[in-house]
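Take a look at the chain below before reading on. Then follow the report through its helices, its ligand and a few single residues.

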Amino acid sequence: MKSLVSLYSSSIGKKIVMGLTGLFLCLFLVEHLAGNLLLFANDNGHLYEEYSRILVSNPIIRAIEIILFLSLAGHALSGVVLWIQNRRARPQKYKEFRLDENTELASRITMLGGSIVFLFLVVHLSSFFFPLRITGTPMTAYELVREKFSNPWFGLFYLVALVILGYHLKHGFQSAFQTFGLVNKRYKALLDAVAFFFWFLLPAGFGSIPVYFFFFVKNTASPLVLRTLEHGWPV
Ligand code: HEM
């Protein structure tokens, strides 16, 4: 126990925690995207409701959810502590800003990206998770998604956040590969393909959802989308 605490207090210990929790969060994102792609089933949310019902009623999934939230907290907290420690340890500020060499700027951007993703998560959880699971809503999960994405500003916020998520994942993968000593010529193509899936295909997959709902699914319950359809732009 003592050696685990002293490992965590070192820089590499926190990097290992960030890498492991980050990889777990990535696995969650794959499952989350696969589930959310059921929104495209064109069955008025039938399949998606079934999927949501299974998620809520399965005790194993509820337990995994607790690990998920702990991982999120551990990842964010380790990132902030590591960033503060690195800043304190650095004696002098860099004079030139070069993203490829200047680790201070790179880490500042990674920190900023991570903070925006965190902010996105706060908005996301309060829009979906809280009403569906905690506070309660008369809407089904599908109806809530349809209602939220009928607002183009909400959809646009998602698209911007997803670009930032992609950037964060790209840098996250690079540093995780380094932490775990996976920067290896032999596996480079495979690692690049895995990283590409996470930083490009996964955010693009999530991004297709607000676009689909705004342009192709009519939300009869929302006056905003009706006004938007009428005027051609949100008013
Ligand atoms: C446009 C794409 C997305 C849609 C439509 C969507 C939809 C949802 C819905 C409906 C829930 C509540 C599920 C329930 O509790 O019954 C949820 C939960 C959650 N979402 Fe998303 N989500 C999207 C993208 C994302 C992204 C990009 C992330 C992370 C960066 C994310 C992270 C989470 C987390 C952590 C939860 C809480 C855990 C859970 O309920 O499984 N989601 N999402």
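This report goes from the whole chain to its details.

## The chain as a whole

The model is predicted. The chain has nine helices and zero strands. Read along the sequence, its pattern is α-α-α-α-α-α-α-α-α. There are 235 residues in the chain, and buried residues make up 18% of them. What share of contacts joins residues at least 24 apart, among contacts between residues at least 6 apart in sequence? That share is 73%.

## Around the ligand

How many residues surround the ligand? The number is 21, and the closest are Phe128, Phe129, Leu132, Phe206 and Ile209. Several helices give two or more residues to this shell: α2 (11-36), α3 (46-57), α5 (103-135), α6 (141-148), α7 (152-179) and α8 (188-216). The largest share comes from α5, with seven residues. Sorted by class, the shell has 15 nonpolar, four polar and two charged residues.

## The nonpolar cores

The largest nonpolar core has eleven residues. They are Tyr158, Ala161, Leu162, Leu165, Leu169, Phe173, Ala176, Phe198, Trp199, Leu202 and Phe206. Which helices each supply at least two residues of this core? The answer is α7 and α8. Of the core residues, seven come from α7, which gives the most. Another core lies apart from this one. That other core has eight residues, among them Leu39, Val145, Phe149 and Phe213.

Two names link these sections. Phe206 belongs to the largest nonpolar core, and Phe206 is also among the residues closest to the ligand. Ala161 is a member of the largest core too. Leaving aside neighbours within four places in sequence, Ala161 is in contact with Ile116, Val117 and Phe120.

## Where α2 meets α4

Now turn to a pair of helices. The axes of α2 and helix α4 (residues 59-89) come within 9 Å. They cross at roughly 145°. The crossing of α2 past α4 is left-handed. On the α2 side, the contact is made by Ser11, Lys14, Val17, Met18, Thr21, Gly22, Phe24, Leu25 and Phe28. On the α4 side, the residues are Leu68, Ser71, Leu72, Gly74, His75, Ser78, Gly79, Val81, Leu82 and Gln85. By class, this contact has nine nonpolar, nine polar and one charged residues.

Ala73 also lies in helix α4. Is Ala73 buried or exposed? Ala73 is exposed, because it has 11 other C-beta atoms within 10 Å, and the exposed class covers 12 or fewer.

## Two asparagines in a loop

Most residues other than glycine have a negative phi. Asn42 has a positive phi of about 60° although it is not a glycine. Asn44 also has a positive phi of about 60°, and Asn44 is not a glycine either. Where do they lie? Asn42 is in the loop between α2 and α3, and Asn44 is in the loop between α2 and α3 as well. Asn42 counts as exposed because it has 10 C-beta neighbours inside 10 Å. Asn44 has 13 C-beta neighbours inside 10 Å, so it counts as partly exposed.

## Apart in sequence, together in space

The table lists three pairs of residues. Each row gives the separation along the chain and the distance from C-alpha to C-alpha.

| Pair | Apart in sequence | C-alpha to C-alpha |
|---|---|---|
| Ala73 and Thr21 | 52 residues | 9.3 Å |
| Tyr212 and Phe40 | 172 residues | 8.2 Å |
| Phe157 and Phe120 | 37 residues | 8.5 Å |

Start with Tyr212. Its place is in helix α8. Tyr212 is partly exposed because it has 14 other C-beta atoms within 10 Å. Not counting residues up to four places away in sequence, Tyr212 touches Phe40 and Val217.

Next comes Phe157, whose place is in helix α7. Phe157 has 16 C-beta neighbours inside 10 Å, so it counts as partly exposed. Its partner in the table is Phe120. Phe120 has come up before, as one of the residues in contact with Ala161.

Definitions and conventions
Residues numbered from 1 in each chain as written. Predicted model: local features only at pLDDT ≥ 70, side-chain atom pairs only at ≥ 80, totals over all residues. Near = placed C-beta within 6 Å. Helix = DSSP H or I, 4+ residues; strand = E, 2+ residues; numbered from the N terminus. Nonpolar A, V, L, I, M, F, W, Y, C, P; charged D, E, K, R; others polar. Buried ≥ 20, exposed ≤ 12 C-beta atoms within 10 Å, placed from the backbone. Contact = placed C-beta atoms within 7 Å. Core = buried A, V, L, I, M, F, W, Y, C linked by C-beta atoms within 7 Å. Axes fitted to C-alpha atoms, helices over the stretch in contact; angles between N-to-C directions. Left-handed = near helix turned anticlockwise from the far one by under 90°.
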